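Reader: Please show me the model, and then let us go through it by question and answer.

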Amino acid sequence: MEANSSSTEYQERDRRGLSEHKVRHVNDHLTPLAAIIVVPGLLVANLPFRNAVVVAALITLSVVVNYTLFLFMTGNRARFVGNIRVASNYAVKVVLCWLLYAVWGPVWLLLLLMSIGVAIYQNRRDSLLAAVAFAIMLMAIHWNFGANTVFAWTEVGVEAAMIVLLNQYVNGLVKRPDPQDANQGQSTDPLQATNQV
């Protein structure tokens with residue numbers, strides 16, 4: 001049965017742990033969350049018309065690209081297409097944060113989503129480095145567009161810590177060995193074990 005693994009499995013599974021299942025899971029959950037974070041801000045924030053058009057175009061492009069590129073993540077192209085997808089997501093989300101931060105506070109959650117997405121694919125060290133980079137990006141964006149008060153910087157400090165700590169939490173959960181793999185398919189549920197005896 002193991003020979004029937006998905007055609008979109010990556011060759012270096014031990015380094016990144018990518019699979020069609022993980023990419024689909026991230027795509028189906030984090031892409032709509034990104035839209036849910038941005039669209040309300042687009043509707044209620046007092047953005048200049050040009051910025052509003054750019055934000056609307058970017059979030060639409062991001063959703064379309066994520067779902068379209070997923071269709072092309074097959075066979076040998078999977079890693080290349082996946083890298084394009086990740087790079088486009090980083091670029092779009094950083095620009096969205098830059099454009100919306102001053103008028104729509106929840107936009108920082110885009111950086112948290114990127115951090116969680118990285119945590120699912122990367123090893124612990126690379127995941128931590130990416131999370132720290134996202135936390136620094138948040139502080140740089142706040143430096144340019146946020147309030148320069150102790151209260152505001154304390155909030156940003158908490159948000160930056162959340163980006164790093166949730167990244168490591170998710171990474172730890174994803175990288176934990178599956179008990180069923182360790183027991184070669186036998187259930188670790190005590191109720192099922194007693195029923196099998």
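Reader: How many residues does helix 5 have, and what distance does helix 5 reach from its first C-alpha to its last?

Author: The model is a predicted one. In it, helix 5 runs over residues 109–121. At 1.5 Å a residue, a span of 18 Å is expected, and the value for helix 5 is close to that. Helix 5 has 13 residues and reaches 19 Å.

Reader: How many of the residues of helix 5 are buried?

Author: Buried means under 20% relative accessible area. The residues of helix 5 that meet this include L110, M114, G117 and Y121. Helix 5 is mostly covered, and the number of its 13 residues that are buried is twelve.

Reader: Which elements make up the secondary structure of the protein chain, and how many are there?

Author: From the N terminus on, each element in the order of the protein chain is an α element. Strands number zero, and the secondary structure comes to nine helices.

Reader: What share of the contacts with a separation of 6 or more is between residues 24 or more positions apart?

Author: One C-alpha pair at such a separation is V132 and A161, 29 residues apart in sequence and 8.8 Å apart in space. For the protein chain, contacts with a separation of 6 or more are taken as the whole, and residues 24 or more positions apart account for 73%.

Reader: What percentage of the residues of the protein chain count as buried?

Author: The protein chain exposes about 11800 Å², and carbon and sulfur atoms supply 64% of that area. Counted by residue, the protein chain has 197, and the buried share is 38%.

Reader: Which helices do the buried residues of helix 7 pack against?

Author: Helix 7 covers residues 150–175 and reaches 37 Å, close to the expected 38 Å. Its buried residues include A152, V156, A160, I163 and N167. These buried residues pack against helix 5 and helix 6.

Reader: Is Y169 buried or exposed?

Author: Y169 lies in helix 7. Together with V158, M162, L166 and L173, Y169 makes a nonpolar surface patch of about 440 Å². The relative accessibility of Y169 is 51%, and the cut-off for this class is over 50%, so Y169 counts as exposed.

Reader: Which geometry, stacked or edge-to-face, does the pair of Y90 and F134 have?

Author: The structure holds three aromatic pairs. In the pair of Y90 and F134, the ring centres are 5.5 Å apart and the planes lie at 80 degrees. Planes over 60 degrees apart put a pair in this class, so the pair is edge-to-face.

Reader: How many residues apart in sequence are the parts that the pair of Y90 and F134 ties together?

Author: Y90 is partly exposed at 30% relative accessible area, whereas F134 is buried at 3%. Y90 belongs to helix 4, residues 78–100, and F134 to helix 6, so the pair joins parts whose separation in sequence is 44 residues.

Reader: Which residues of helix 4 are buried?

Author: Helix 4 has 23 residues and reaches 32 Å, close to the 33 Å expected. Y90, in helix 4, is partly exposed and is therefore not in the buried class, which needs under 20%. The buried residues are A78, V81, G82, R85, N89, V92, K93, L96, C97 and L100.

Reader: Which side chains meet in a salt bridge?

Author: The count of salt bridges comes to one. One partner, R125, is exposed at 58% relative accessibility, and the other, D126, is partly exposed at 21%. The N to O distance is 3.4 Å, and the side chains are those of R125 and D126.

Reader: Is W143 buried or exposed?

Author: W143 is found in helix 6. Its C-alpha is 9.9 Å from that of V156, which is 13 residues away in sequence. With a relative accessibility of 66%, W143 counts as exposed.

Reader: What is the distance in space between K22 and Y121, C-alpha to C-alpha?

Author: K22 is found in helix 2, residues 20–44, and counts as buried at 18% relative accessibility. Y121 is one of the buried residues of helix 5. The two are 99 residues apart in sequence, and their distance in space is 8.1 Å.

Terms used: Residues numbered from 1 in each chain as written. Predicted model: local features only at pLDDT ≥ 70, side-chain atom pairs only at ≥ 80, totals over all residues. Heavy atoms only, no water. Helix = DSSP H or I, 4+ residues; strand = E, 2+ residues; numbered from the N terminus. Buried < 20%, exposed > 50% of the residue type's maximum accessible area, 1.4 Å probe, protein only. Contact = heavy atoms within 4.5 Å. Areas by Shrake-Rupley, 256 points an atom, 1.4 Å probe, with all protein chains shown as cover. Expected span 1.5 Å × (residues − 1). Patch = residues over 30% accessible without salt bridge, like charges linked within 9 Å, V, L, I, M, F, W, Y side chains within 5 Å. Salt bridge = Lys/Arg side-chain N within 4 Å of Asp/Glu carboxyl O. Phe/Tyr/Trp six-rings, centres within 6.5 Å; stacked < 30°, edge-to-face > 60°.
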